[in-house]
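Subject: Structure handover

Hello,

Here is the structure we talked about. Please open it alongside this note, and my findings follow below.

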Amino acid sequence: MGRVGGKVALVTGAGSGIGRGAALALAAEGAHVVATDVDDKGNAETVALIAKAGGKADALHQDVTSEARWAEVVAEIKKTRGALHILVNNAGIGIAADIFQMEYADWQRQMAINVDGVFFGVKHGIPLIAASGGGSVINISSVAGLQGAPGLAGYCASKGAVRLFTKAVALECAQAKMNVRVNSVHPGIIDTAIWQKIPQGGMGSLQLDAMQPGANAIDPNAIALGTPLGYPGLPSDIAAGIVFLASDESRYMTGTELVIDGGMTAR
C-alpha cells in the first residue's frame, strides 16, 4: 500500500522541480496524485512519469492566484475522487531585486502566487480534507522565510508570511478538532529550474561568486559550495520530507517547520 496508500493528494506547481519531485514520491508511496500547474506541458510530463512508474495521477490546469479556479479544482477532486487527504501548496516564484528598485507589479505578482495561492489552497482544500476524515497540509516556504537576504526582500517577505500563516492555520484546525495537520517545509539551495529564472546579480550575499560575467542565470552548484554540506539538494530530498509530513509517521507534528537546507541556517 505504501506510506500514503489509498490517499488522494493535490500538489500545485507539479510541472517541474520540487512539485514534480513531491508528486512522484507521493505516487510511489501509494497516493493518487492530482497534479496542477499553469505549465500544462510540464504537468503532463509529470503525470506520464508517474504512470510509467506504475502510479496513479491526474493533471489539471491551475493558476493558484485565482480563487475561482481553486474552488473548481477542489470540486473536481470531490466529484472524481470523492476525497482529499493531502495538500501540498508548492507553486511559487522567486523575483530577485533591490527593494528600492523593485516594481510594485513584481511585488504584487510574487505575493499573489506565493502567499495568496497558499491562502486559497488552505481556504478551499482543508474543508474537504476534514470531511474526508482528516489529513495533512504541507506549505512550501524557504530558508528565505527564516532569515533575510539582500536582493531578496520581497521573496523573504512572501516566504516568511507562509511560515507564520502555517502556524496560525495549524492552531485553528487543532482548536476546531478538524484532524488536519498543517506544517511548512523550508528548502535551501535545491537544484531546480527556479535558479534559471532569477536574474544575474539578484542574490545579494548569496551570490558566493556563482555569477559569471555575462551570465543570465545562477549556478546552484556554485552557490551551494557556501553551505556546510557543500552541494545543492535535489527535489527528491525535499520530496522525502513532504512524504514524511503527509504520512502518519508525523501524526504528532503540526504548526512547525521542517528545514532541509544542507546546514545553511545552522550558522
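A residue counts as exposed when its relative accessible area is over 50%, and as buried when that area is under 20%. N179 has a relative accessible area of 52%, so N179 is exposed. Please keep in mind that this is a predicted model.

**Overall layout**

The protein has 7 helices and 7 strands. Along the sequence they follow the pattern β-α-β-α-β-α-β-α-β-α-β-α-α-β. Of the 267 residues, 51% are buried. The protein exposes about 12000 Å², and 55% of that comes from carbon and sulfur atoms. Take the contacts in the protein with a separation of 6 or more: 68% of them join residues 24 or more positions apart.

**The sheet**

The 7 strands form an open sheet with parallel pairing. Their order is 3-2-1-4-5-6-7. Strand 3 (56–61) and strand 7 (257–260) are at the edges. Each has a single partner strand, so one side of each has no neighbour in the sheet. From one strand to the next, the twist averages 20°.

Strand 2 (residues 32–37) runs parallel to strand 3, and 6 bridges join them. One pair to look up is A35 with its bridge partner A59 in strand 3.

Two helices to look at here are helix 5 and helix 7. Helix 5 (residues 153–175) packs on the sheet and touches strand 5 (135–140), strand 6 (180–187) and strand 7. Its direction makes about 160° with that of strand 6. Helix 7 (residues 235–246) also packs on the sheet. Helix 7 touches strand 4 (86–89), strand 5, strand 6 and strand 7. The direction of helix 7 makes about 165° with that of strand 6.

**Strand 6**

Strand 6 pairs with strand 5 in the parallel sense, over 6 bridges. Within that pairing, G135 has V180 of strand 6 as its bridge partner.

How many of the residues of strand 6 are buried? The count is 8 of the 8, so strand 6 is largely enclosed by the rest of the structure. Both faces are covered. On one side the buried residues are V180, V182, S184 and H186. On the other they are R181, N183, V185 and P187.

**Helix 4**

Helix 4 (residues 104–131) has 28 residues. From first C-alpha to last, helix 4 reaches 39 Å, close to the 40 Å expected at 1.5 Å a residue. Helix 4 does bend, by about 35° at A112. G133 follows helix 4 and has a positive phi, near 105°.

**Helix 5 and C173**

Helix 5 has 23 residues. Its reach from first C-alpha to last is 33 Å, close to the 33 Å expected at 1.5 Å a residue. The buried residues in helix 5 are G154, Y155, C156, S158, K159, V162, T166, V169, A170 and C173. Their cover includes helix 4, strand 5 and strand 6.

C173 is worth a look. C173 lies in helix 5. Its relative accessibility is 4%, so C173 counts as buried. Leaving aside residues up to four places away in sequence, C173 touches I126, M178, V180 and V182. I126 is 47 residues from C173 in sequence, but their C-alpha atoms are 8.8 Å apart.

**The loop after helix 5**

Which residue just after helix 5 takes a positive phi? That residue is K177, with a phi of about 55°. Most residues other than glycine have a negative phi. K177 is not a glycine, yet its phi is positive. K177 is found in the loop between helix 5 and strand 6. At 73% relative accessibility, K177 counts as exposed.

N179 lies in the loop between helix 5 and strand 6 too. N179 has a positive phi of about 60° and is not a glycine. With 52% relative accessible area, N179 is exposed.

**Where to start**

Begin at C173, which is buried. Then go on to K177 and N179, which are exposed. Finish on strand 6, where both faces are covered.

Best wishes

Terms used. Residues are numbered from 1 along each chain as its sequence is written. This is a predicted model: local features need pLDDT of at least 70, side-chain atom pairs count only at pLDDT 80 or more; totals for chains, interfaces and linings use all residues. Side-chain values use heavy atoms; hydrogens and water are left out. Two strands pair if DSSP finds at least two bridges between them. Helices (H or I, at least four residues) and strands (E, at least two) are DSSP runs, numbered from the N terminus. Axes are lines fitted to C-alpha atoms, for helices over the stretch in contact, and angles run from 0 to 180 degrees between N-to-C directions. Contact means heavy atoms within 4.5 Å. Buried means under 20% relative accessible area, exposed over 50%, partly exposed in between (1.4 Å probe, protein chains only). Accessible areas come from the Shrake-Rupley method with a 1.4 Å probe; for residues, only the protein chains shown count as cover. The expected span of a helix is 1.5 Å times one less than its number of residues. The bend at a residue is the angle between axes fitted to the seven residues ending there and the seven starting there.
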